[in-house]
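Me: I would like to learn how to read a pair of chains, starting with their symmetry and then moving to the surface and the strands. Could you take me through it step by step?

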Protein chains: 2
Amino acid sequence: MTYDIQVFVTLKEGVLDPQGNAVQTSLTRLGYDGVQNVRIGKKMDIRIESEPEKVESDVREMCEKLLANPVIEDYEYTIEEALSV
Amino acid sequence: MTYDIQVFVTLKEGVLDPQGNAVQTSLTRLGYDGVQNVRIGKKMDIRIESEPEKVESDVREMCEKLLANPVIEDYEYTIEEALSV
């Protein structure tokens with residue numbers, strides 16, 4: 001079965017986010033002075049062939065082994081059966 | 001009013017994604033050979049002080065001016081009133 005996975009990787013609370021700070025500074029310079037905080041993370045769209053009983057453990061393992069750095073990042077994911085195959 | 005905005009920036013269909021290809025290669029090497037496609041994008045969490053009638057146009061403008069490159073990227077966003085203020 002084919003699945004469409006979305007993985008969201010974000011920096012843990014308290015971890016400095018220089019990229020987010022840079023974007024915040026730029027937005028303020030552009031006149032959006034209401035911006036209070038910006039955090040930048042990654043969104044990964046993965047299409048994978050797997051089995052119903054295996055797909056979630058596969059996704060979790062991929063996150064733990066490669067997609068997220070467990071020391072400084074958190075991850076979330078959604079799993080959906082692919083529509084257009 | 002304080003809002004929590006999520007912006008998702010992804011590469012347009014057909015635009016090469018070397019980062020996604022690199023992740024796909026690594027996942028395959030780790031034994032996840034069911035992986036068919038990987039696309040990497042950005043997820044931005046933005047807290048902003050704004051007004052109900054202004055917040056959406058602000059977010060759209062920020063995306064068009066800075067957060068997304070309209071030539072190669074698409075963007076989506078969600079807007080929610082901030083809970084914990």
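Reply: Let us begin with the symmetry, keeping in mind that this is a predicted model. As a general idea, two copies of a chain are related by a rotation about an axis and a shift along it. Here, chain A is superposed on chain B by a rotation of 180° with 0.0 Å of shift along its axis, at an RMSD of 0.0 Å. The two copies are therefore related as by a two-fold rotation axis.

Me: Which residue of chain A comes closest to the rotation axis?

Reply: That residue is Lys42(A), whose C-alpha lies 2.3 Å from the rotation axis.

Me: Why can one say that the copies meet through the same surface?

Reply: One compares the interface residues of the two chains: 100% of those in chain A are also interface residues in chain B, so the copies meet through the same surface. In numbers of residues, the contact takes 30 from chain A and 30 from chain B.

Me: How is the size of such an interface expressed, and what area do chain A and chain B bury between them?

Reply: The size of an interface is often given as the accessible area lost when the parts come together. In this model, chain A and chain B bury about 2700 Å² between them, and 66% of that area is on carbon and sulfur atoms. The side of chain A that touches chain B draws two or more residues from each of β1 (2-11), α1 (18-29), β2 (35-49) and α2 (55-67) of chain A. The largest share of that side comes from β2(A), which gives 15 residues. Sorted by class, the side of chain A that touches chain B has 14 nonpolar, seven polar and nine charged residues.

Me: How many salt bridges and how many residue pairs in polar contact does the rule find across the interface?

Reply: Across the interface of chain A and chain B, the rule finds zero salt bridges, whereas it finds 16 residue pairs in polar contact, with both residues at pLDDT 80 or more.

Me: In what sense do β2(A) and β2 of chain B pair, parallel or antiparallel?

Reply: Strand β2(A) and strand β2 of chain B, residues 35-49, pair in the antiparallel sense over 13 bridges. To find the register, one can look at Ile40(A), which stands opposite Met44(B) in β2(B).

Me: Which strand pairings should I then trace within each chain?

Reply: In chain A, β1(A) and β2(A) pair in the antiparallel sense over eight bridges, with Val9(A) standing opposite Lys42(A) in β2(A). Strand β1(A) also runs antiparallel to strand β3 of chain A, residues 73-81, and nine bridges join them; there Asp4(A) stands opposite Glu80(A). In chain B, strand β1 (residues 2-11) and β2(B) pair in the antiparallel sense over eight bridges, and Ile5(B) stands opposite Ile46(B). Strand β1(B) pairs with β3 of chain B, residues 73-81, in the antiparallel sense over nine bridges, where Val7(B) stands opposite Tyr77(B).

Technical notes:
Residues numbered from 1 in each chain as written. Chains lettered and ligands numbered in written order. Predicted model: local features only at pLDDT ≥ 70, side-chain atom pairs only at ≥ 80, totals over all residues. Heavy atoms only, no water. Contact = heavy atoms within 4.5 Å. Buried area = accessible area lost by both parts, 1.4 Å probe. Salt bridge = Lys/Arg side-chain N within 4 Å of Asp/Glu carboxyl O. Polar contact = N/O pair within 3.5 Å; in protein donor to acceptor, adjacent residues only side chain to side chain. Helix = DSSP H or I, 4+ residues; strand = E, 2+ residues; numbered from the N terminus. Nonpolar A, V, L, I, M, F, W, Y, C, P; charged D, E, K, R; others polar. Pairing = 2+ DSSP bridges. Least-squares fit on C-alpha atoms with pLDDT ≥ 70 in both.
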